[in-house]
Each structure stands twice: as C-alpha cells, then as structure tokens.
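Hello,

Here is the structure I promised to pass on. Please have a look at it, and then read my notes underneath.

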Amino acid sequence: MVFLFLYLPIVILIIFSFNSSKEQMNFAGFTFYWYKILFSDKEILGSVLNTLIVAVVSSSIATILGTFAIIGVQNLKKIPKKILINIANIPLINPEVITGVSLMLLFVFINQNFKILGQGLFTLILSHTTFCIPYVILSIAPKISELNPNVYSAALDLGASPAYSFLKVILKEILPGIITGFILAFTVSIDDFVISYFTGGSVQTLSVAIYSMSRKVVSPEINALSSVLFFLVFILLIIINLRENKKVFKTGEI
Amino acid sequence: MKKRIILTPYIVWCIVFIIVPMVLVLFFGLTDESGKFTTRNLCEVFLYPDVFLRSLWLGFKATAICLVVGYLSALIISRLNVKLQKILIILVMLPMWMNFLLKIYSLMFILQDNGFINGILSSFGFSKFNMMNTEGAVILGMVYNFLTYMILPIHSSLVEIDEKLLDAAKDLGANYFMTFVKVIFPLSIPGIVSGIAMVFIPSVSTFILSKMLGGRQNFLVGDIIDMHFLGGIYDPHIGSAISLVLMILLLICTGIINQLQNENKSKKGALVI
C-alpha cells in the first residue's frame, strides 16, 4: 500500500509522458513527441548545464574544505571543537527557507555596499558549497574516528616525512569517506531547489526552471522531463548498489 | 601548528556564509529602512497569527499521519528477510532522490479538476469533485514528500532490536501484542523521535508546496517569507522578522523533542541499573 502511494503518481506521470494528445486525461496514442520537444528546449538544456556546473564546482570546493576542516578539527580542544561542529551543522538543522533567505540577504547586502557579486552563477556556487560542506564532514567523520593514530606515528618513526605519511596513511584511510562525501554533496546540490531559488538571481538551475515551467502551463513536456530524471536516478542507484554488493563479495572472499 | 592553518579557510567560510547571514537576518528583522532599531517588524509578524497556527497545525497533522503509516510500514519491512528488506529500503529511498517539484507536480496532475482521479470518476459517471486548493491536498503533499524520513529512522531502530529479547518475551509468556507494547515499541522510541523531527521541521517551514497544492487560502509561513523577498511585496525587514520568529518556534519544538529523547534515555538508564 505504502509503495503504491509512493510510486503511483510517478508511474502515472511517466505513462502520460507518452500521450500524443495535449488534453491531459485522454490517452490518445503513443508518442515520443514530448521527448523531442524536451531535448530541443533551449531553456531546459541551459538550466541543466547551469545545474551541472554549480554541482561539480561547489561539491569539489566543499569536499576540499570539508576534508581540511575535519582533519583540523581533531587537533582542537574539546570546547572549541564542539562549538565549531555545532556551527558547521547549522545549514543542516536550519529550515532551508531561512538558509536561503539569509544567504540572499548577504549577497544583496554585499552588492549594495560594495557593488560586487551580483546574483548569478557565482553566488549559486558559493551558497551550494555552504550547504554541501556539512554532508562531506558527516561522511568523513566516521572514517576519522576509526583511524589509528599510532600508524601515523609509526610512519614518522620509520623516517617518512610528515607530508608523505599524511598522504600515505591518513588520506588513504579516509579516501572512501571523501568519495562518498563528494557524491552526496553532488546529489544534494543537483536536487536543491529552495536555496537556488533565493540566491540564483536570473540564472536558473533545473529545479528553478521546472518551477517556472509548472507555473506557466501544464505541458506533457514536464512529464517527459520527470520520467527521464526518474530513470537516471534509478540507474544511478542500481549502479551504486551493485558496487557495494561487489565490495562485500570481494572482502568476503578474502 | 600546521593543523591550525588548514582549519583557517573553513573557519573563514563559516563566518562569512553562516554566521554573517544569520546576523543579517537578526539585524534586518530588528531595524527599519534607515537602520534604526525598531520592534515594528516583529509586531507586524503578529498580523499573521493564522498563518503560523496553520503551519504548525498542518505540520502536526502531516507528522501524525506519517508516524502511523511510517511506523506500520517500517514494522512490516523489519520482519522480512534481510535480502528483501534491503530491496524494499532502496525502494523507499528512491523517491527521496526525485526532484521535490516534480513530486508536487505529479500530485497536482492527479488531483486536478480535470486530473487523473476525476478522469476516472467521470468515466464511471460520477460528478467531479474538487481536491486541489484544499488543506487535505497540502497535507497529502507533505506526507508524500516526507514519509521516507519517517520510515528510515524507525526501520533502523527496529532492526537494531536484539532478536533474543523477543524470544525472551515469548518464553515469558507474552503474546505478540504484549511483546510489542513492552519491548518493541519502547526500544524504537529513538527512531520515532528523530523521525518526528525530520518530518515536522520541513513540513512547518515548507513553501511552494502549499502554494502549488493549497492555493492562496492555504499559505504557510514559508510562503509569506517568500512573498516578502521574491514575491509581490519586497520588504526584507518584515521577511527577516518572520524568519526569526519561525526559527525560534522551530528551535523550541526541537528543544521539546530533544528533551523527550533525553528523558527516555535517563529512564532506560534507570532500568539498566
């Protein structure tokens, strides 16, 4: 029953994306017409490009900053560490609307007083990075706490330079966490609507484009778009799961 | 020494993009256009008591529905074999990665006056009935969007329960109902609490969803904030004041939820002793 509830709307949407009639409820015949329209829609394609640029750049910056942050945090004393971690989690706990609004205020404020940083791709990247960092930190944190500090000392004792032992010991151990964090940040960034809506100015990401589309006219083009996205996500999840299963299988063999 | 340096860029980032924006919200909320301190904005907020109450009330209803439906499904899933469980959990998670707006759009598609349900009804000769722009549609939208966040934590807390405890309860003569009341339910409370927090907060602060499914008469707090920033009335001062009040309200709510969790923990501690 629950699955019916969760999937029925999506399935209906997908079925009607093949509907040749523009009349919503009469299924007149099978067609790929709406997909053709979709893939020649400049506005949509442009917004996909924006989404990808923002997602790649901001999740990369977030991964680097987050990795440094979590390694650096380990050396702090207890109280500053706690304060910093709580501040880092603000974008996760705070309602998205408020994060979006506060960042918008920041950009408007800077723009009015210093005449720089008009809202656009750059502000989008800055704000996406901000809410992606907590996800990176969360995925690396368990790996860090599993680290055995003695191995790092052992590497130093055996004559490795600090930089070399950092690379070979610490970074190697937490690499899976870093990769998971990057993927997570990337997905969250692609999926985001609220924050892009407030900080993007006239630059549209895919979510914002969908919003303005669904406000104008109800067109089967949106149905086509959602089925394409649904299958992309579906394939992605299957790949991730297959990879995980393979890993379990491999380690099981050893 | 070196470790301090690598932390610096992140601290700077936090200050510029987390702390300063929050301070700006506070500042705008408490000043007027000329930058003077005023409580006028906060007073204006209280012109919208119905919107705040409606947000809390709808969020509460949606959370309650999610809790009942989510708990039942998590319970059923947790009793299946491991392989099937894994597949079902992936199926539960999959819609989470669907675009939020597309999910709302699919609901609109079904509920509209000339939408899917009315299409079926009229083909059987029933008259159409109106579902869009109602409170029910907004609640349905919230449940549809946030149900996953309820199922997942409850499921993981149910899976963690030691099978031996259930066997012990059985050996001691408890039937399934008693086992559920005395063993399973108390042990799943942490999952319930985080599920409630994860559904309630986004439900109360949601926007667009209410605008698209609920129409004008079902505006929520999020929609009013949106209205003061990107909507018809541009007034960041009042918008910030509303955001402030919303933030404080939600902080109180999470405080209460955490309190419940702590009480539960200390009770459990007492039991162990």
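Below is what I found for chain B, beginning with its fold and moving on to its contacts with chain A.

Please keep in mind that this is a predicted model. Chain B is helical: its secondary structure comes to 13 helices and zero strands. Reading from the N terminus, the order is therefore simply α-α-α-α-α-α-α-α-α-α-α-α-α. The radius of gyration of chain B is 23 Å, whereas the globule rule gives 19 Å for 273 residues, so the chain is more spread out than a compact globule. Along the principal axes, its C-alpha atoms fill a box of roughly 75 × 75 × 35 Å.

Inside the chain, 39% of the 273 residues are buried. Of the contacts in chain B with a separation of 6 or more, 71% join residues 24 or more positions apart.

Now to the interface. Here 51 residues of chain B are in contact with 48 residues of chain A. Which helices of chain B each supply at least two residues of the side that touches chain A? They are H1 (2–29), H3 (49–78), H4 (82–93), H5 (100–111), H6 (116–123), H10 (189–205), H12 (221–229) and H13 (236–272). H1(B) gives the largest share of that side, with 15 residues. As for the classes of residue, the side of chain B that touches chain A has 39 nonpolar, eleven polar and one charged.

Happy to go through any of this with you.

Best wishes

Technical notes
Residues numbered from 1 in each chain as written. Chains lettered and ligands numbered in written order. Predicted model: local features only at pLDDT ≥ 70, side-chain atom pairs only at ≥ 80, totals over all residues. Contact = placed C-beta atoms within 7 Å. Helix = DSSP H or I, 4+ residues; strand = E, 2+ residues; numbered from the N terminus. Nonpolar A, V, L, I, M, F, W, Y, C, P; charged D, E, K, R; others polar. Rg over C-alpha atoms; globule rule 2.2 N^0.38 Å. Buried ≥ 20, exposed ≤ 12 C-beta atoms within 10 Å, placed from the backbone.
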